[in-house]
Amino acid sequence: MVNLTIDGKKVSVPEGTRILDAAREIGVNIPTLCYLKEINEISACRVCTVEVAGSEKLVPACSTPVQEGMDILTHSPRVMQARVTNVSLILSQHNASCTSCTRSGNCALQTLASDICYQPSYGNSPAKMDWNTKYPLIRDASRCIKCMRCVSVCDKIQTMHVWDVLGTGARTTVGVRDGMDLMDVNCTLCGQCITHCPVGALYSRDDAIKVVRSLGTKDKVYICQVAPAVRSAWGEDLGLGTDVATVGRMVSALRAIGFDYVFDTDFSADLTIMEEGSEFIERLTHRDQYPWPMFTSCCPGWLRFIKTEFPEYVPNLSTAKSPQGMFGAVAKSYFAEKLGRDPEDIVCVSFMPCTAKKWECSVEAINDAATRDVDTVLTTRELAKMLRNFRINVAALPEDDFDSPLGESTGAGVIFGTTGGVMEAALRSAYYLVTGENPDADAFHAVRGMEGVRAATFEIQGIKVRTAVANGLGNARKLLEAIKTGRAEYDFVEIMACPTGCAGGGGQPIRDGQELGEGRGGYLRKLDVAKPIRFSHENPSVQKLYAEYLEKPLSHRSHKLLHTDVSQWSLK
């Protein structure tokens, strides 16, 4: 152990510990901007500098290891002056139009400047932004503080190498590698660069205003669907815990905003399981007719990844649409017929934890679809923004239920929002479809967990099913390389682009330097256990849909409405 003193407090920590972590051990908070533990430890911003007795220079706390006998001051006059100087240098090149920034009130730089009582004597006018603001992911160079977080996350976690440092000297900036257009590199639109940016230099396209302005339009029926992971985080930006920001109050809030019908994407997650699970059994029983393994297809970031990085495996994807797509297709056919309305009268809005879903809904309709499945996708962050805009007092709202017939859900549908959930839900119903009996709802718990790659083998009526689950594209790359080189063999593989799955999606609320996906996923697991029905095939609304409209999984109508050919999707 190494013994040292920080602000007069003695502390002992393991050798190799950084000053920043040693200080946190005793409750001393040293501010940071660029730092992300084990991901971005490059001391770029220098706001974490501290004073070490006997040293002429201040040292960065985030990258300096402790040494025996160190006497450290974290808030000395010299340190505070340096901190003000470093923050002022950052702000001298920063767009100071904070009131119009997407991260105002939740910006690490804004908070730091306020905390150190820094009052700039100037304000920078916004620089002209040369960017396609119609694309789902937007970068505003005038807000960038060159902390390199986006570069590190994209390189080390997602392994996509989209962002890089460009230029030299005063012209140094961060941008798309080689100065290319974002649409011309293999960006998956996962949005992890957005959630790890400490300021508002990266953000998703705001579609909330468009929806707010059109809600209540005569001769239109406005419906919305809410993804499983949204319910785990929708109250965070409102300062509400899950005890107040319940699923029932979320439904009430959406009705208060003005939606005619509020539906649960869990319903179409169960529908996805029926189609995807049936497809897996079809492939398993006619094994020589299909490429292996079969990959899940509900994550659009993953679809973009496989199309560009491993295109030879596109035929291995399930043809089932994502729950979002399936919901839209059913809403504009089955539900429209029940209302006696033309599909064109139905306006379908999705609330998703994902930025890539904005791209997914814009992909040109294929399979002779008459209209786009989903009209607009809003993120969890945009939902909170709408609730603030409408001055909704969530705590005062009553608990309400989703609408029918597209609103009933099961525990299997809920866990779609966390890594391993799709696989577990599929295996629960696949077991039933093969044996005619339900397994124990927790029989496939081996696919749970937050490890980057998890593998498990199960036996269903004498048939061994080798499964693998990966979350985060760096882990997905490792898994596909293992399959490609023959080092691993699987039958069924689930991949989610974002670490921890949709719970940690690029459209979820941002807490600087905090990873909240695991906790959100745990909340979804609790909802699964609490559900009276935990199997997709037992969802009454799904059963009714097949009886009244689709006939059975993989029927002609099911194929037309609920399946797609990803190889035909454009990435632009």
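## Contact between helix 9 and helix 15

In this predicted model, four residues of helix 9, namely W302, F305, I306 and E309, meet L473, A476, R477 and L480 of helix 15. By class, the residues of this contact divide into six nonpolar and two charged, with no polar residue.

Helix 9 covers residues 300-309 and helix 15 covers residues 473-484. Their axes come within 11 Å of each other and cross at roughly 45 degrees. Because angles from 65 to 115 degrees count as roughly perpendicular and those under 35 as roughly parallel, helix 9 is classed as oblique to helix 15. The handedness of the crossing is right-handed.

## Salt bridges: R78 with E51

The structure contains 35 salt bridges. One of them joins the side chains of R78 and E51, with an N to O distance of 3.7 Å. R78 belongs to helix 2 (residues 77-91) and E51 to strand 3 (residues 49-52), so this pair ties together parts that lie 27 residues apart in sequence. R78 has a relative accessible area of 34% and is therefore partly exposed, the limits for that class being 20% and 50%.

## Salt bridges: R520 with E236

R520 forms a salt bridge with E236, and the closest N and O atoms are 2.7 Å apart. Distant parts of the chain are linked by this pair, 284 residues apart. R520 sits in helix 16 (residues 517-530), whereas E236 is in the loop between strand 10 (221-226) and helix 7 (247-257). The relative accessible area of R520 is 6%, so R520 is buried.

## R428, D528 and the shared network

Helix 16 also holds D528, which forms a salt bridge with R428. The closest N and O atoms of R428 and D528 are 3.0 Å apart. R428 lies in helix 14 (residues 421-435), and the pair links distant parts of the chain, 100 residues apart. Both R428 and D528 are buried.

This salt bridge belongs to a network built from salt bridges that share partners. The acidic members are E424, D442 and D528, and the arginines are R428, R448, R525 and R534.

Terms used: Residues numbered from 1 in each chain as written. Predicted model: local features only at pLDDT ≥ 70, side-chain atom pairs only at ≥ 80, totals over all residues. Heavy atoms only, no water. Axes fitted to C-alpha atoms, helices over the stretch in contact; angles between N-to-C directions. Helix = DSSP H or I, 4+ residues; strand = E, 2+ residues; numbered from the N terminus. Parallel < 35°, antiparallel > 145°, perpendicular 65-115°, else oblique. Left-handed = near helix turned anticlockwise from the far one by under 90°. Contact = heavy atoms within 4.5 Å. Nonpolar A, V, L, I, M, F, W, Y, C, P; charged D, E, K, R; others polar. Salt bridge = Lys/Arg side-chain N within 4 Å of Asp/Glu carboxyl O. Buried < 20%, exposed > 50% of the residue type's maximum accessible area, 1.4 Å probe, protein only.
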